[in-house]
Amino acid sequence: MDYSTIFNKVKDSVLDISIIDGERIQIMGSGVLIGDGTIALTCAHCVDPDLKVLAKFSESSSGFLGQARKIFDMDSKERIGVVYNPAS
């Protein structure tokens, strides 16, 4: 399967992940919706549990302000970030 076929299958689940620090919005990376669409999975460096996290669809105003958590691997090195949609 080529990359364009894979992209077309998942493109509606891909999000831009940003952190909001006061008035400043900083784009950190991307994530993907999982499960029932209320959780976004991303890299740990894209989220900060102490700041608001914005997960939105690329080139769209729709998305959600979420609560972030970092998940740790066996060596206690941050690897995965999760953004929860509090409205769900």
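Two strands pair if DSSP, a program that assigns helices and strands, finds at least two bridges between them. With that in mind, this predicted model can be read from its overall plan down to single residues. The chain contains one helix and six strands, and from the N terminus on these elements follow the order α-β-β-β-β-β-β.

**The chain as a whole**

- Of the 88 residues in the chain, 26% are buried, a class that takes in residues with under 20% relative accessible area.
- The accessible surface of the chain amounts to about 6100 Å², and carbon and sulfur atoms account for 54% of that surface.
- When contacts between residues at least 6 apart in sequence are considered, 43% of them join residues that are at least 24 apart.

**How the strands pair**

- Strands β1 and β2 run antiparallel to each other and pair over eight bridges; within this pairing, L15 has G31 in β2 as its bridge partner.
- The connection between β1 and β2 is a hairpin with two residues between the strands, and G22 in the turn has a positive phi of about 70°.
- Strand β2, which covers residues 24–34, also pairs with strand β3 (residues 39–43), again in the antiparallel sense, over four bridges.
- In that second pairing, L33 is matched with A40 in β3 as its bridge partner.
- The hairpin of β2 and β3 has four residues between its strands, and there G35 takes a positive phi near 60°.

**The nonpolar core**

- Twelve residues make up the largest nonpolar core, namely L15, I17, I19, L33, A40, C46, V47, V53, A55, F64, A68 and V83.
- At least two residues of this core come from each of the strands β1 (14–21), β4 (52–57) and β5 (63–72), and β1 gives the most, with three residues.
- L33 and A40, which are bridge partners, both belong to this core, and L15, the bridge partner of G31, is also a member of it.

**Two residues compared: S18 and I25**

- S18 is found in strand β1, and this residue counts as buried because its relative accessible area is 6%, which lies under the 20% cut-off.
- Leaving aside neighbours within four places in sequence, S18 is in contact with I25, Q26, I27, M28, K52, V53 and L54.
- I25 lies in strand β2, and this residue counts as exposed because its relative accessibility is 53%, where the cut-off for exposed is over 50%.
- Not counting residues up to four places away in sequence, I25 touches S18, I19 and I20.
- Both I25 and L54 are among the contacts of S18; these two residues are 29 residues apart in sequence, and their C-alpha atoms are 8.7 Å apart in space.

**The helix and a patch on the surface**

- Helix α1 spans residues 3–10, and Y3 has its place in this helix.
- Y3 counts as exposed because its relative accessibility is 74%, a value that falls in the class of over 50%.
- Together with M1, I6 and V10, Y3 makes a nonpolar surface patch of about 490 Å².

Definitions and conventions. Residues are numbered from 1 along each chain as its sequence is written. This is a predicted model: local features need pLDDT of at least 70, side-chain atom pairs count only at pLDDT 80 or more; totals for chains, interfaces and linings use all residues. Side-chain values use heavy atoms; hydrogens and water are left out. Patches are made of residues with over 30% relative accessible area and no salt bridge: like charges are joined within 9 Å, nonpolar side chains (Val, Leu, Ile, Met, Phe, Trp, Tyr) within 5 Å. Accessible areas come from the Shrake-Rupley method with a 1.4 Å probe; for residues, only the protein chains shown count as cover. A salt bridge is a side-chain nitrogen of Lys or Arg within 4 Å of a carboxyl oxygen of Asp or Glu. Buried means under 20% relative accessible area, exposed over 50%, partly exposed in between (1.4 Å probe, protein chains only). A nonpolar core is a set of buried Ala, Val, Leu, Ile, Met, Phe, Trp, Tyr and Cys residues joined through side-chain atoms within 4.5 Å. Contact means heavy atoms within 4.5 Å.
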